[in-house]
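The following questions and answers examine a predicted model. Each answer proceeds by short steps and closes on the value or name requested.

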Amino acid sequence: MSDFTPRSEFLQTLMARGYVHQCSDYEGLDALAARGEVIAYVGYDCTARSLHVGSLISIMMLSWLQKTGNKPIALMGGGTTRVGDPSGRDETRRILSLEDIENNKSGIQGVFDKVIQFGASRTDALMVDNAEWLTQLNYIEMLRDIGRHFSVNRMMSMDSVRMRLEREQELSFIEFNYMILQAYDFTELARRYGCNLQMGGSDQWGNIVTGIDLGRRMGTPQLYALTCPLLTTASGAKMGKTASGAVWLNADMLSTYEYWQFWRNTEDADVGRFLRLFTFMPLGEIARLEALAGAEINEAKKILATEATALMHGREAAEAAAETARTTFEAGGTAADLPSIEVAEAELKAGLGVLNAFVRAGLVASNGEARRQVQSGGLRVNDAVVTDIGQMLTLADATQAGAIKLSFGKKKHVLVRPA
């Protein structure tokens, strides 16, 4: 890739913004993109009611594909979710019921409307479900018509299989078949919709090129692969994971404020990279923000947080979250729309143990952790440091915004509201 200079706006944009990890044929894909003839898909299994922020990079790639005159396909894995992708895992995924899969699919679909235009024109996106064809496959016919093109020797060498076996972790037969189904998805999308590119994370490279090979053997036009890096932060942590769990894209699974705060907490070294990947801001403005030093970099982090949050939650909600943070951290107040929990008024009248309160608020995982944080001065109630592990919270403490403000460190706050 070092000596490749793209002509298409699509690859120019993706390479300049840091989306590209590997491509099966830069020249061939670039020529297609320059003519506006790329039809690309990314697959999303329906394992939860929301995608998490780790999926956002591929969603942004689909959006840039459309913005540069090509056609995106968002593939819902209603079929493949029934099998489970072994990539990057040491244990078999839990088998979900068909009802759970459908509910999860409904929760996921709304994300795409926020950054991709669906419709009937040439570059309008499509959303399809691989259950349409995978559930119709006859097993004997699949073995004869599709399975004969796969080498078990090659399948055993794939990272998703090899790593599981090297760690002596069980790999079920149903998971072993996942790469066959994913490869067949690519062939079927090529036949039905003229799809010629599959995009995904770098951990999907083996499965994607297997699909290219299957398409060649089954007579499709030339297919292409393009992967993005699996992101880690500058300190080496996996992108999209926090101490409290996944960073979900849906507001009903992670509040707008918490989502904004996730981006606000970006490490200094990651600000420019994340602005390029997770916003549509011009590269010149990003370069200016990236060059800020010292305390000024915090202004760039706030812009990143607001722009990234606006994509998923809307501009108004993003700016409200920014104002909540300003009120809480800069003005010394308590914003009413901080994350909150409700505790029965009767329980507060009787007295709620401070350790228990922090556990119930989700700020710490256990009473033991809360006790250790008290000893190190890490917990505060209404901005006062907790020094007594036996402290009891009562209705008399509900003085700020009609609630009790619990704080863990400088950036994590939850309101306890009497109910």
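Q: Is aspartate 252 buried or exposed?
A: The model is predicted, and the assignment rests on relative accessibility. Because a residue counts as exposed only over 50% relative accessible area, the value of 56% for aspartate 252 places this residue in one class: exposed.

Q: Which side chain meets that of aspartate 252 in a salt bridge?
A: Aspartate 252 lies in the loop between strand 8 (245–246) and helix 12 (256–264). Its partner is in the loop between strand 2 and helix 3, 203 residues apart from it, so that the pair links distant parts of the chain. The N to O distance is 3.2 Å, and the partner is arginine 49.

Q: What is the relative accessibility of arginine 49?
A: Exposed residues have over 50% relative accessible area and buried ones under 20%. Arginine 49 falls in between and counts as partly exposed, because its relative accessibility is 39%.

Q: Which residue forms a salt bridge with aspartate 270?
A: Aspartate 270 is buried, with a relative accessible area of 2%. Its partner counts as partly exposed, at 26% relative accessibility. The closest N and O atoms are 2.7 Å apart, and the residue is arginine 273.

Q: Which helices hold glutamate 347 and arginine 360?
A: The side chains of these two residues meet in a salt bridge, 2.6 Å from N to O. The pair ties together parts that are 13 residues apart in sequence, because glutamate 347 and arginine 360 lie, respectively, in helix 17 (residues 345–350) and helix 18 (residues 354–360).

Q: Which strands are the edge strands of the open sheet?
A: The sheet has six strands in the order 1-6-5-2-3-4, with mixed pairing. An edge strand pairs on one side only, and this holds for strand 1 (22–23) and strand 4 (126–129).

Q: How many bridges join strand 2 to strand 3?
A: Strand 2 covers residues 39–45 and strand 3 residues 71–77, and the two run parallel. One of the pairings is that of isoleucine 39 with lysine 71. The number of bridges joining the two strands is seven.

Q: Which helix gives the most to the nonpolar surface patch?
A: The patch is formed by Tyr139, Ile140, Leu143 and Phe173, with about 450 Å² of accessible area together. Tyrosine 139 counts as partly exposed, at 46% relative accessibility. Three residues of the patch come from one element, residues 139–145, which is helix 6.

How values were computed: Residues numbered from 1 in each chain as written. Predicted model: local features only at pLDDT ≥ 70, side-chain atom pairs only at ≥ 80, totals over all residues. Heavy atoms only, no water. Patch = residues over 30% accessible without salt bridge, like charges linked within 9 Å, V, L, I, M, F, W, Y side chains within 5 Å. Areas by Shrake-Rupley, 256 points an atom, 1.4 Å probe, with all protein chains shown as cover. Salt bridge = Lys/Arg side-chain N within 4 Å of Asp/Glu carboxyl O. Helix = DSSP H or I, 4+ residues; strand = E, 2+ residues; numbered from the N terminus. Buried < 20%, exposed > 50% of the residue type's maximum accessible area, 1.4 Å probe, protein only. Pairing = 2+ DSSP bridges.
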